[in-house]
Amino acid sequence: MEYVLSNAAVARSFTSYAASAYGVLHADAWRVHVDGLASGYDQIDPVAVLVVLLLTVCLCCSTQKSSMFNLVMTVLHIAFIFFIIIAGFVKGDTENLMQAGDAAANPSGFAPLGIRGIFNGAAVVYFSYIGFDAVSTTAEEVKNPARNMPIGVSGSVIIVTVLYTLIAVALCMLQPYDMIDTGAPFSTAFQHVVGLEWATNFIGAGASLGIMTSLLVAMLGQARYLCVLGRANIVPRWFAAVNPTTGTPINATVFLDFSVVPGACTAGIALFTDLSVLLNLISIGTLFVFYMVANALIFHRHHVPGKTDALPTAAFLTLLSVLAITFVTAWQCDKYNRHNWTLYLLGGLAVALTTLFWVKVPTAQRGKDWSVPCMPWVAAASIFLNVFLLGSVDKDSYIRFLTWTAIAVVFYLLYGVHSTHDAEALMSLDIPLKEFAFDTTSEEKYIEQKLEEGCRPIVVQVKGESPYWNQVMPPSLQSVKLAITLD
């Protein structure tokens, strides 16, 4: 859901910036207003559909070519970002950081909407983290993923955070916060800079390139997700098909990005749906998924089925979520900050609970190659923060999200559960065992060499109920090592 909707949102923002590149600064200038459609769905955006179609064709051709195209676009985009940052700090005015454009109608001062405004904004912009998540979806196409994936994700988070902060400050120095155009903020900001009015079109073109890179990566990631779900039979296996010539999941890519069913996927949603509707819905989905991942990380780290008791970990996660929900409820109800002691108490209880869990419940397992450091603190903080930001999302987005979730759960119960079981049965068909005879020393050297070349070991699970297995293996054998060629 987050990928399809975020791609639709990004595609619609492309239209606004592409228009500004031609000197047209009205956000809906290239959209077609249709009377009779509900508000938020009445601005038809054919340009967004065309850019989705273009990138879909690009992704279907080759992952390598798409990556090269993305690299070129990213380099150009970063150049535009540095231009905005430098221009903002050189030509901007620090007074704009403290003073509203219309002081009579809007509050002034640094962080004029207070801490609540900051967190409300954080909840809306949270969907941008899907971009970092997209890095993980390409793990199958990465050499030495155990080393390179953490570097890629963590490194991109650090770089983007620094750039995002600098460009936000630069924008607010160029123009007071209440005068910023939400449709194409950077292009319109340069209209008010003496001597740099020409940069309006320049920035519009640069932002359009940046939006295309963001859209390309997310569209690549969403297709990989659906392809893996297809392999597991959670969705029809047709989606797992990979084109033998291009090596891309062509069915998943075409369906998600340019479905023949109007409104079903990225292009259809981008055609009709307003950006504000999409942003809130994407954020609530992303926050919920990250909340679930943080819970799963703690549970997986501290519980091994059959070896440890799940109750202490489950109890900790439940109590932490209850404290987080209580905290955000108190925060939202106490808009005038009259009972801050409640927030301090709940925050202190969360820290004390995490400390108790950290001391009393030992780590049961860790990743062999790489694992999240400072556990359980990192994941616990993620749980608390995600619940807190969920409290900033509007009611209509919750209704849409719950409706979507209900549809997904019904589909999973009626189709996914049973088809996944069938997929597992297919994977456990009897396969004749191949006999291996090898020298241990040479085999170890061979594996070492292959790992250095970027190959990955394959883990195989063999079920003992197989009739063929029972025929060839003695009953006393409890475990067996299979020599697997790395490729």
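Helices here are DSSP runs of H or I with at least four residues, numbered from the N terminus. With that naming in hand, the model, which is a predicted one, can be read piece by piece. P376 sits in the loop between α13 and α14, the latter covering residues 377-390. A cis peptide bond joins M375 to P376, with omega at about 5°.

The same loop is home to C374. C374 is not a glycine, yet its phi is positive, at about 55°. Because its relative accessible area is 56%, and exposed means over 50%, C374 counts as exposed.

Helix α13 itself comes next. It runs over residues 340-360, which makes 21 residues. At 1.5 Å a residue, the helix should span 30 Å, and its end C-alpha atoms are indeed 30 Å apart, so the expected and the computed span agree. The buried residues of α13 are L343, L346, A350, L353, T354 and F357. These residues cover an arc of only 95° around the axis, and therefore they lie on the same side of α13. W341, Y344, L356, V359 and K360 are on the other side of the helix, where they are exposed.

Another helix, α11, covers residues 275-302 and contains H302. H302 has a relative accessible area of 4%; buried means under 20%, so H302 is buried. Its side chain reaches the backbone oxygen of P362 at a distance of 3.2 Å.

A second positive phi is found at N233, which is not a glycine either; here the angle is near 65°. N233 belongs to the loop between α8 (199-231) and α9 (250-257). Its relative accessibility is 12%, so N233 counts as buried. The two residues can be set side by side: N233 is buried, whereas C374 is exposed.

The last stop is on the surface. M68, L71, V72, V75 and L76 form a nonpolar patch there, and together they have about 460 Å² of accessible area. One of these residues, V72, lies in helix α3, which covers residues 63-91. V72 has a relative accessible area of 45%. Since partly exposed means between the cut-offs of 20% and 50%, V72 is partly exposed.

Key:
Residues numbered from 1 in each chain as written. Predicted model: local features only at pLDDT ≥ 70, side-chain atom pairs only at ≥ 80, totals over all residues. Heavy atoms only, no water. Helix = DSSP H or I, 4+ residues; strand = E, 2+ residues; numbered from the N terminus. Expected span 1.5 Å × (residues − 1). Buried < 20%, exposed > 50% of the residue type's maximum accessible area, 1.4 Å probe, protein only. Arc of directions from axis to C-beta. Patch = residues over 30% accessible without salt bridge, like charges linked within 9 Å, V, L, I, M, F, W, Y side chains within 5 Å. Areas by Shrake-Rupley, 256 points an atom, 1.4 Å probe, with all protein chains shown as cover. Salt bridge = Lys/Arg side-chain N within 4 Å of Asp/Glu carboxyl O. Polar contact = N/O pair within 3.5 Å; in protein donor to acceptor, adjacent residues only side chain to side chain.
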